[in-house]
Amino acid sequence: MTFARIVQLWDEFWFTDVSPQCLAMFRILFGLLLLQFALFLLPDLFTWYGPRAIISANSISEANPTVVLDLLNMAPQSSSWLLCVYGAFIVAAGCLTLGFCTRLACAICFVMLTTFYHHNPYLLNSGDSLMRLLAFWLIFTDSGAIWSIDDKLARKKPNYKPKEKIAGWAVRCLQLQLAVVYYHAFVTKSPGWVWASGSAVYFAARLENLSRFPFPLDPNIDWVSSAWTWGTLFIEFCLFTLIWIKELRYYMLGMALCLHLCIDWTMNIPQFEWVMMATLILFVYPNDLTTFLNWLKTKYSIVVKKRLPTGSS
Amino acid sequence: MEWSDLLIDRELWKKLRKVIISLFVIFNFGLIYLCLERNNLLAARMLKPFWNYFLFFGFEQDYSVFAPSPIQANVNFVATITYKDGICKLYQFQRLDRVNLTNKVTQERWRKFLDDNLGSDRYPFLYKDIAKFVARKNNILKDNPPIAVCIYRYTGIVPPPEAKKNNPNVYSIKPLIAYEVRPEDLK
């Protein structure tokens, strides 16, 4: 391996242009998840962030004296200012989903997510951290290149050229960010004795506030708990290592999907699993996504034709 | 017009693009790596000069869910509110094991707030604010305001797998704060 070869590999990995399909699909799903984030926040918005919130802004600034990005602290605490910030977040998330002023919308979403995090860091989980970081990396992508209002508007211009390829480096950052999640989950779990002994899922399944539906196989049985526990570790290990190997990628994505669906079924960590599943789409090869969408389109058109009454065009 | 046109001349950007982007990526992912390894003293020291930048943009992250081991206890919180006339009321904080699926999803932040943070003993400075919140929320009787709030944590240790599987959790109770409510707390 020579230095020139390393530079070449680096260049290929980061600076090869990519098709925009997967990124556009991710943008839409991510935008919808941001809207859902806002919806879930709504019932307790004033309890968490209002002028008479459960934790006062003073207590939070005393505990975290560093200057941080927090729009809610940039104006006197009031319900109307909170509603403005919250409203701007919803509008930005909607614009991101539809791909209208996409980059600006994404930047606003990032600022708002960071604001909500800093204003009360005691109620947000790993899924929220991931959303914040994904929003940050998404700013640098051309996620509105297709399937967006931006693209529709650009088509009206005389010198319009469809974007078949976009810069790939920021898409790589999004992929790497997801790999970081699996890496950290694996390396922090692996020294734990319950993970080594195979009883971690047994304990997790007994947390009453976290449980949702019963496990498909009962983790009270020793071998079942061990299988769940070690299976989780194995999948998490694969998802920051083997996922980069082309031939193995879809097997890894399949395993990841199974893992997240199982966790989502059994445990109440709503957005984390959904964000992870949405981000997995960035690892799909664009040609395969196009083939899948075309297949879906054909199937859908067949269904529509069948439903139309005889004689109608 | 590209977004980079706002910052740098297009020709210059073409020349420097790969270098700038590479440095940006290495810098940020390097800091993310150091942040994830911040229990390591060397990593913490290397991160220190950039910590303010990192915090400002909310880049700190931690994905150690259930690591190094899941919490082995069920916790829930109650508060007692004593009113001016001496009557006492019990206030139950949100319990996600007692709500339907829709509320379970929308109230997940309460689980994070109560179980993971309030239940961890890491943030005792939160207790006073929560006591004030409970007092405000229960200030519903005319001319009879709350004068004291006590918050208690119930902890049920999950029996180890070697024990009989269906053992009921054994609960212990710990008072977290006894707070004397002042009139300004109720405003």
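## Report on a predicted two-chain model

A search of the whole structure finds 0 disulfides over all chains, a disulfide being a pair of cysteine sulfur atoms within 2.5 Å. This is a predicted model, in which local features need pLDDT of at least 70 and side-chain atom pairs count only at pLDDT 80 or more, while totals for chains, interfaces and linings use all residues. Residues are numbered from 1 along each chain as its sequence is written, chains are lettered from A and ligands numbered from 1 in the order in which they are written, and side-chain values use heavy atoms, with hydrogens and water left out.

### Cysteines

For Cys109(A), the closest cysteine sulfur is that of Cys106(A), and the 6.3 Å between the two sulfurs is too far for a bond. Cys109(A) is also buried, at a relative accessible area of 0%; buried means under 20% relative accessible area, exposed over 50%, and partly exposed in between, with a 1.4 Å probe and protein chains only. For Cys258(A), the closest cysteine sulfur belongs to Cys262(A), and at 6.7 Å this pair is likewise too far for a bond.

### The two chains

Chain A contains 15 helices and 0 strands, whereas chain B contains 6 helices and 4 strands. These elements are DSSP runs numbered from the N terminus, with helices (H or I) of at least four residues and strands (E) of at least two. The order of elements along the sequence of chain B is α-α-α-β-β-α-α-α-β-β.

Along the principal axes, the C-alpha atoms of chain A fill a box of roughly 65 × 55 × 55 Å, and the C-alpha trace of chain B spans about 75 × 55 × 35 Å. The radius of gyration of chain B is 25 Å, against a value near 16 Å for a compact globule of 187 residues. That radius is taken over C-alpha atoms, and the globule rule is 2.2 Å times the number of residues to the power 0.38.

In chain A, 51% of the 313 residues are buried; in chain B, buried residues make up 44% of 187. The table sets out the accessible area of each chain, calculated by the Shrake-Rupley method with a 1.4 Å probe; for residues, only the protein chains shown count as cover.

| Chain | Exposed area | Share from carbon and sulfur atoms |
|---|---|---|
| Chain A | about 14,600 Å² | 69% |
| Chain B | about 10,600 Å² | 59% |

Contact means heavy atoms within 4.5 Å. Of the contacts in chain A with a sequence separation of 6 or more, 77% are between residues 24 or more positions apart. In chain B, 56% of the contacts between residues at least 6 apart join residues at least 24 apart.

Lys and Arg count as positive and Asp and Glu as negative, while His and the chain ends are not counted. Each charge is placed at NZ of Lys, CZ of Arg, CG of Asp or CD of Glu. Chain A has 23 positive and 19 negative side chains, with the centres of the two sets 12 Å apart. In chain B, the mean positions of the 28 positive and 19 negative charges are 2 Å apart.

### Individual residues of chain A

Trp195(A) is located in helix α10 (residues 193-197) of chain A and is buried at 3% relative accessibility. Leaving aside neighbours within four places in sequence, the contacts of Trp195(A) include Trp230(A) and Leu233(A) as well as Phe66(B), Pro68(B), Ser69(B) and Pro70(B). Trp195(A) and Pro162(A) are 33 residues apart in sequence, and their C-alpha atoms are 50 Å apart in space.

Asp264(A) belongs to helix α13 (residues 249-266) and is buried, with a relative accessible area of 12%. Beyond neighbours within four places in sequence, Asp264(A) is in contact with Arg212(A), Pro270(A), Glu273(A) and Trp274(A).

Trp147(A) is situated in the loop between α7 (126-139) and α8 (149-155) of chain A. Trp147(A) is not a glycine, yet has a positive phi of about 50°; at 37% relative accessibility, Trp147(A) is partly exposed.

### The loop between α3 and β1 of chain B

Two residues contacted by Trp195(A), namely Phe66(B) and Pro68(B), merit separate description. Phe66(B) lies in the loop between α3 and β1 of chain B, and has a positive phi of about 60° although it is not a glycine. Phe66(B) counts as buried, at 19% relative accessibility. Pro68(B) is placed in the loop between α3 (51-56) and β1 (73-83), and the peptide bond from Ala67(B) to Pro68(B) is cis, with omega near -5°.
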